[in-house]
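Reader: I should be grateful for a close reading of one part of this model, followed by its wider setting.

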Amino acid sequence: MPRSNATAGIGGADTRPPLAIGIALSRLLPKTSEAGLKTAHFSKPGLAAALLAPQLLILLFFFFIPSYKALSLAFVQVDPFGAREIFVGFANFAQLLGSPDYRQSVFFTLWFTVIQAVVTIALALLFAFATDFVIRGRGLYKSVILMPYAIAPVISGVLWAFLFNPAVGPLAQFIQSLGIPWDPNRRPFDAQLLVIVASVWKHICYDYIFLVAALLAVPQSLLEAAKLDGARPVRRFFTISLPLVTPTIFFLMVMNVVYGLFETFGIIDAVTRGGPAGATNTLVYKVYQDGFVQLNLGSSAAQSVILMIIAILFTVLQFRALERRVNYQV
Amino acid sequence: MAAIELVDLKKNYGTVPAVKGIDLSVSDGEMIVLVGPSGCGKSTLLRMIAGLESVTSGHLRIAGKDVGSVEPADRDIAMVFQNYALYPHMSVRQNLEYGLKNRGFPRQDIARRVAEAAAILEIEPYLERRPRQLSGGQRQRVAMGRAIVRNPAAFLFDEPLSNLDAKLRVQMRVEIRKLQKRLGTTSIYVTHDQLEAMTLADRLVVMNGGRIEQIGTPIEVYERPQTLFVAGFIGSPPMNLIDVGQADNVDWGELPPQTGVVGVRPNAVRTTPTKGAIRFTGVVELIEPIGGESHVHLMLDRGQALIASVPGKAGIAEGDRVNWHVDRADLHCFDKSTGRRTD
Amino acid sequence: MAAIELVDLKKNYGTVPAVKGIDLSVSDGEMIVLVGPSGCGKSTLLRMIAGLESVTSGHLRIAGKDVGSVEPADRDIAMVFQNYALYPHMSVRQNLEYGLKNRGFPRQDIARRVAEAAAILEIEPYLERRPRQLSGGQRQRVAMGRAIVRNPAAFLFDEPLSNLDAKLRVQMRVEIRKLQKRLGTTSIYVTHDQLEAMTLADRLVVMNGGRIEQIGTPIEVYERPQTLFVAGFIGSPPMNLIDVGQADNVDWGELPPQTGVVGVRPNAVRTTPTKGAIRFTGVVELIEPIGGESHVHLMLDRGQALIASVPGKAGIAEGDRVNWHVDRADLHCFDKSTGRRTD
Amino acid sequence: QERVKVEWWHALSGRLGEVVDKLVTDFNGSQDQYEVVAVHKGNYEENMAAMVAAYRVGQQPTIIQAAERGFMTMLNSGAVVPVPTLMEEQGHDVDWNDFIAPVSGFFLVDGVPAALPFNSSTPIFWYNRDMFKKAGFDAPGETWQEVEKQLYAIKEQGVSECSMALANDFFWSLIENYAALHDQPYGTLANGFDGLGTEFVFNKSPLVVGQLERLSKWMDDDVLQIAGQGLSPEQLFTSGTCATYVASTAAHAGIGSGAQFDWSATFLPHEEGVEPKNSTIGGGALWVLQGKSDEEYAGAAAFIDFVASPETQVWWSKQTGYVPVTTTAYEALKAEGYFEENPTREIAILQLSRGEPTENSRGFRFGNHNQSMQLLVEEIQGVWTGQKTAQEALDNAARRGNEILRQYERLHASQ
Amino acid sequence: MIERNLGLTIFCHAVLLLGAAAVCLPLYFAFVAGSLTLQEVQQTPFPWVPGTHFLDNIATAWNQGNFSRLYINSLIVTVGIVVGKLMISLIAAFAITYFRFPFRMTAFWLIFVSLMLPVEVRIIPTYEAVADAAGPLRWFADITGISWLVGSVTGYQLEAALQWNMVNTYSGLILPLIASASATFLFRQFFLTVPEELCEAARLDGAGPVKFFLDILLPLSRANIAALSIILFIYGWNQYLWPLLFTTDAEMQTAILGLKHLVPVSDAEPAWNIAMSAAFFVMLPPAVIILLMQRWFTKGLVDSGK
Ligand SMILES: Nc1ncnc2c1ncn2[C@@H]1O[C@H](COP(=O)(O)OP(=O)(O)OP(=O)(O)O)[C@@H](O)[C@H]1O
Ligand SMILES: Nc1ncnc2c1ncn2[C@@H]1O[C@H](COP(=O)(O)OP(=O)(O)OP(=O)(O)O)[C@@H](O)[C@H]1O
Ligand SMILES: O=P(O)(O)OC[C@H](O)CO
Ligand SMILES: [Mg+2]
Ligand SMILES: [Mg+2]
């Protein structure tokens, strides 16, 4: 069914989603060497190589070699200026795993990622359903809800930090006027909440546009059949539309997880800088802080390795748990 | 089971009329077939009855109740779609159950009805399969099953067989007819397959350009088409329509030449003359032997084409110049300008 | 224009055979029609000839030249696809020009050929439209145009009409036949529509399970099917096949009861007895009047079904118990175990 | 002819950034051989990180401004050309003895500085005189105990919602300098002056622990306020929201131009009954990096010469609030009567020079000090969120910091 | 269709209005902040009504941030990323879906794996790669002895010749950001949905792979290319970390960096009004792209079946 494939594909276009996509797509892949090959194809190895060369060369120079260098630092301690380097085996890993702060970061990252992913998709579904249902103003709603997509994470982070600043932020003042205590500088939970809200806000438009597109592609005749079968709109949505867009939802779940793991970097940097007391220090932010800002390259490389493993595990787990329930056929 | 009544039913899309005023009474248990060329408004009409399309003006009554603004779910109508519209994520059983569950039928009742429908349609072995695991014919049956399981007031069919191959089409056609007779459910059936229209209908409704051209039993419509349009549309190969004024080398016998159009069914064209018969002379352009009979394509001298359907192999060859004869009784006469039957 | 020769042509997908050894000589200018049930290998065979599928073993010669490993572009063959495969982003004119441009035809030559093809197919008014702005029949013509504009050695058709409605199908069928005769281009045509197969073919090739069951003119195949498969496959309504051992209430007359299968075409079943005719007795289940004739569905007592095709309205009613008669000459006898014709 | 471009990466933004731009423009206008290009690469840490990344690939600037916190890291990096060497080679004569004592005390290694002290500072105590008057005080008290009373009074009398704004670099002003001022050891081996084997011991000082407890209590009582992301703490002070602010003397630039009320500053408070020592030096120095061309070095030397000149020093100090780093410049300002007119401008230099420096007040020389500082902040935040006691937090910070020191020692053991 | 569910309609509009409001609220406050004077922007509580200085602030921000230059840089870099990534991805996806050749799957997996490590995590080595792009070549020449060979035979210093520094160049800003396979996968997905017969028809029409790609596949992927262009445009325009690290020359910075510089930090004048007004014109290009191309966006995501 073309739609699911297409929607499953496009997210890849975004920034990091690749991981997700890649794996999402791997479903369609290999087993036999013919996988993903058109029935009508050419056999011109020379030309194929030439077509692949630009991508592979760019990847070699700007991905493989740098990644190899980055990961290989995981087993050394190194002077950032490059003068000295000591091989330490797994010491960097041992130190990380023994550190309560690191474990806290792992723990926060996991639940942050999950909650962010679920809330984003749930809200996006609600909006998409409503958009699908209303007739008047549909285009306008769509344009407006898509707007955050245009905003650089740097800016949206700053906006959120400002709006919810307990001293001056209008929204913080609104919350406080309701008698609810609010201080993301001192209350870890508030900070975590803020980071989640900001990341959801930034990412919801992405899920939304995919879902709107997917819902549009649900065959009209099925909805009509359901109508004659006595299903009212809400029930129709849950029993027909929703199951039919599961490939998109699944794809988005994977994407959201990847977003949570990697992409929220900019927001955290602007909103909480990982604080207070490391409460919002996600793994990728820590890699960045320790490696790039603090220049603790060895530890940071070890964290990258662990992060990569977690990313892969997370995705695989999702596939195990969710993918078999997905309908790829319409 | 219920009667359906349409009174001056109209539908515009924007300012473009799709259905231009239809009056039709379908009696309880009757099987009506709608035929007509593509775009004549058959589907639109059907969808208005189902409630999937709003009515622009006119009245629509089911079992005596005006349902113009009743939701589809509440019209107690089942529809079989051209592409079946089976829910791909549900098993066959779930597909059948869905409409019952939505209407809050008790569990046992649901199970019994599904079992019954499955038995009638012989789809028990596939109940646990997903639609994509079924062949076209099997899917068609499931779509039928979904319609009958609810025991609705009426069935609506929108070209339900057009996605099947010829062989299967014949078979399913017969089954649908038997089933409809057995259940006695009021049905409206849209098709543009001649054979389906002729064999299924209690009454045939021929539509054209958003209006009804003729209503009648298939035989009536076949034997006495009321308009030129119906004459040309019903029957395969289609009726030969000859412009009297344009056809020189025809020996009309006693018939006074008049400005009109004369229709002749291909199987009324004979090689042997009978008394008082009309004679056409023309060249054989093409002979299509199709087993039991052959279609002979003739070209009359003034460029009018004529098709004759003759039993067995025609004893003639392409290129021959031959005479053909038609009984005067087999002629259909139409007024050229109004298109209406004159005899 | 060229002869095509297939020698023991085979195709396996992995280890699964799709075409199991085909020998066939198509002579120059001939129109061959391939028929057979779904999955029997028709498309595969056609695609091998076009060069779109590699050949597993055997030989494939076009105009005497072995083209087994020649690129499709160099085989000088044109193909019309079931879904037309028109380039959606090009105008009709560009669609027609594309193959010529790729082959480096001079501009003027291209213009002339396109104009010619467009004239032949009467698609001049649409030349600047995109395919999606055309109706099904028009698209079909464009697909044909793309094939003829190159004046290739051979045409291959893979169910080119199956996406059209019945009426259009008849019309296009006749046009294709006329066109092919006029151009005299060697053609291979795949279909599973009976009528198309019968009317188009110079010779009919009936395939089943990757092999050829029978080759012959349509009339030969219709009148003397060589196997039970062909007997059941060709003809509509299909030939009645009666297991002699299972059919009690049949009066076989002189025919010695034997363990075999007897075939009777529906239009060979008569209401009036002729001398030495065989008699069947059964109940009329369903009568389908289809205009010029009616199909009568009978049920013999032991549960065997029989279809009779009678001219006009059958003078009987559903539920009647009647006798039917078949001339001995109209019987086809088959061996039950080998399925081969025995008479 | 084409001017030689000399790249200089710095960490000064806002009003200070404008002064830097003016400085560079002036230098570029003063001669026609060199063109200094000043690039702001973020705060001190970001600037340093960017430089290291660039250095690894040979894209480093010629001059880099590094904070005092990066002193050891820079010194042992093997990536710098000592400024005296450079100046000598390029034929500039700089009198290294002219630097005022607190500056030379920190920057001189074996009698010569490794870098040019450029923008030296120390934290001072800023206050809103209007608010103090309103609350019935002439000026802030000298001890933390007195100040505490005043801050609570300001809050309770409703003079201001916020008695003190917490600076982003509070660890520098309120922890490190607190330790120095009270002669508490922050690390062993004279806070790292005597060797790489140094260890953090700030957690063992009851005074330091007490200081953190006090801050934490103030915060619980809403006397001390964190600005948080999206808001600058200096802004809380200049906008008149908070009554006091402990921060660098360099805040003169921003507060001077921003505050619309009667503001002033004074010495950092000390504990009752303690004789306060000098505070330590902060701010940045200009380091010259290896691997550049001779022309670039010549340009760098010319620029450093320009920066070190008394005229520039005087101008720079006036514009920014940084202390004049040479005696000549200091004397010139005094002679001008500048400090009489602007008494707050002298606080820093007086506080830096107060008393005889001890091992604990000379300053801090820890390898990778940025990393251990980051940990300290994280742990202290744990106190403010109520997850840890002050003692626990400081213990953790010391333990984690020591790991960093040991790692640094291991990598630089041969030196 | 007959379905009048007033309650649900009201509910849906309410949800959408709420959603739109939630989405717009931060933007609204940004606008308010951008329309105030420096004094006004510092007041508490923060005003809910915009001031009158929006255009002044825009002008100030534009000049102060040297945006005339930064805008051009951003456009060049963004267009470079969009075009570059589209091109290499399209041909790579074409190779992978339409060609049979040895190591096809290996090539595929090599590309696939590049999705597993975000750039933040490997930023320093990537920087090294860009600053010394020829480094690996030198290393290769070195260990294989080629440089020695060349050196001893021709006296030519290969080592010295193999230098390629892309710091502060547009290519350096662009290339590392195209080094990911996301778009390749997307196009692969699209290509898999293109009807087989089109390729077959083209082959019978005498088109080779290149002609087929240019004449048929590319035009067919129009909608998808458009949708992806939007996503890539926004991705490229909003890049922050890489240009931040990578550009030392103020003339090479991008608009986002310019904006970031306007965002007040500690010890600086809290010129939020300037920063927020700048935010408006910095987000203008992506916003306009979204509004103008929104239709293509949905289309590109949905109708890939042709
Ligand atoms: N949603 C719509 N908007 C506008 N015009 C429509 C719409 N649906 C149908 N039409 C037009 O209404 C007319 C009748 O269409 P309808 O689908 O009822 O024809 P039909 O008889 O079912 O044809 P077919 O045999 O091709 O299915 C056509 O001219 C069609 O173009
Ligand atoms: N690419 C393929 N890989 C594996 N098996 C195939 C492939 N293409 C066709 N087959 C199998 O080969 C057999 C012949 O297929 P083919 O398409 O030639 O049938 P056909 O006679 O054209 O059928 P239809 O009338 O349905 O078009 C079928 O069993 C089919 O499943
Ligand atoms: O604000 P500055 O420039 O005085 O520097 C402060 C300290 O050096 C921070 O460590
Ligand atoms: Mg229709
Ligand atoms: Mg086929």
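How many salt bridges are counted between chain D and chain A? Please describe that interface in detail.

Author: The model is a predicted one, and between chain D and chain A it has three salt bridges. One of them joins D:Asp220 to A:Arg186, with a separation of 2.5 Å between the closest N and O atoms. Polar contact between the two chains extends to 14 residue pairs, both members being at pLDDT 80 or more. On the side of chain D that touches chain A, at least two residues each are supplied by helix 2 (44–56), helix 3 (71–75), helix 10 (206–220), strand 10 (224–226), helix 18 (369–384) and helix 19 (390–411) of chain D. By class, the residues on this side of chain D are 14 nonpolar, 17 polar and nine charged.

As for extent, 40 residues of chain D are in contact with 37 residues of chain A. About 3400 Å² is buried between chain D and chain A, and carbon and sulfur atoms give 52% of that area.

The ligand sites form the wider setting. Ligand 2 is surrounded by residues of chain C, namely C:Tyr13, C:Ala18, C:Ser38, C:Gly39, C:Cys40, C:Gly41, C:Lys42, C:Ser43, C:Thr44, C:Glu159 and C:His192. Helix 1 (residues 42–50) of chain C gives the largest share of this shell, three residues. Two side chains approach oxygen atoms of ligand 2: a polar atom of C:Ser43 lies 2.5 Å from one, and a polar atom of C:Thr44 lies 2.4 Å from one. With a nitrogen atom of ligand 2, a polar side-chain atom of C:Tyr13 is paired at 3.3 Å. On its own, ligand 2 has 640 Å² of accessible area, and the protein covers 59% of it. The shell around ligand 2 comprises three nonpolar, six polar and two charged residues.

Ligand 1 has its surroundings in chain B, including B:Tyr13, B:Glu159 and B:His192. Here helix 1 (residues 42–50) of chain B provides the largest share of the shell, three residues. Oxygen atoms of ligand 1 are paired with side-chain N or O atoms of B:Lys42 at 2.8 Å, of B:Ser43 at 2.5 Å and of B:Thr44 at 2.4 Å. The protein covers 56% of the 630 Å² of accessible area belonging to ligand 1 on its own. By class, the shell around ligand 1 holds three nonpolar, six polar and two charged residues.

Conventions: Residues are numbered from 1 along each chain as its sequence is written. Chains are lettered from A and ligands numbered from 1 in the order in which they are written. This is a predicted model: local features need pLDDT of at least 70, side-chain atom pairs count only at pLDDT 80 or more; totals for chains, interfaces and linings use all residues. Side-chain values use heavy atoms; hydrogens and water are left out. A residue is near a molecule or strand if one of its heavy atoms lies within 4 Å of it. A polar contact is a pair of N or O atoms within 3.5 Å; within protein, one must be able to donate a hydrogen and the other to accept it, and residues adjacent in sequence count only if both atoms are side-chain atoms. Accessible areas come from the Shrake-Rupley method with a 1.4 Å probe; for residues, only the protein chains shown count as cover. Helices (H or I, at least four residues) and strands (E, at least two) are DSSP runs, numbered from the N terminus. Ala, Val, Leu, Ile, Met, Phe, Trp, Tyr, Cys and Pro count as nonpolar, Asp, Glu, Lys and Arg as charged, and the others, Gly among them, as polar. Contact means heavy atoms within 4.5 Å. Buried area is the accessible area (1.4 Å probe) that two parts lose on being put together, summed over both. A salt bridge is a side-chain nitrogen of Lys or Arg within 4 Å of a carboxyl oxygen of Asp or Glu.
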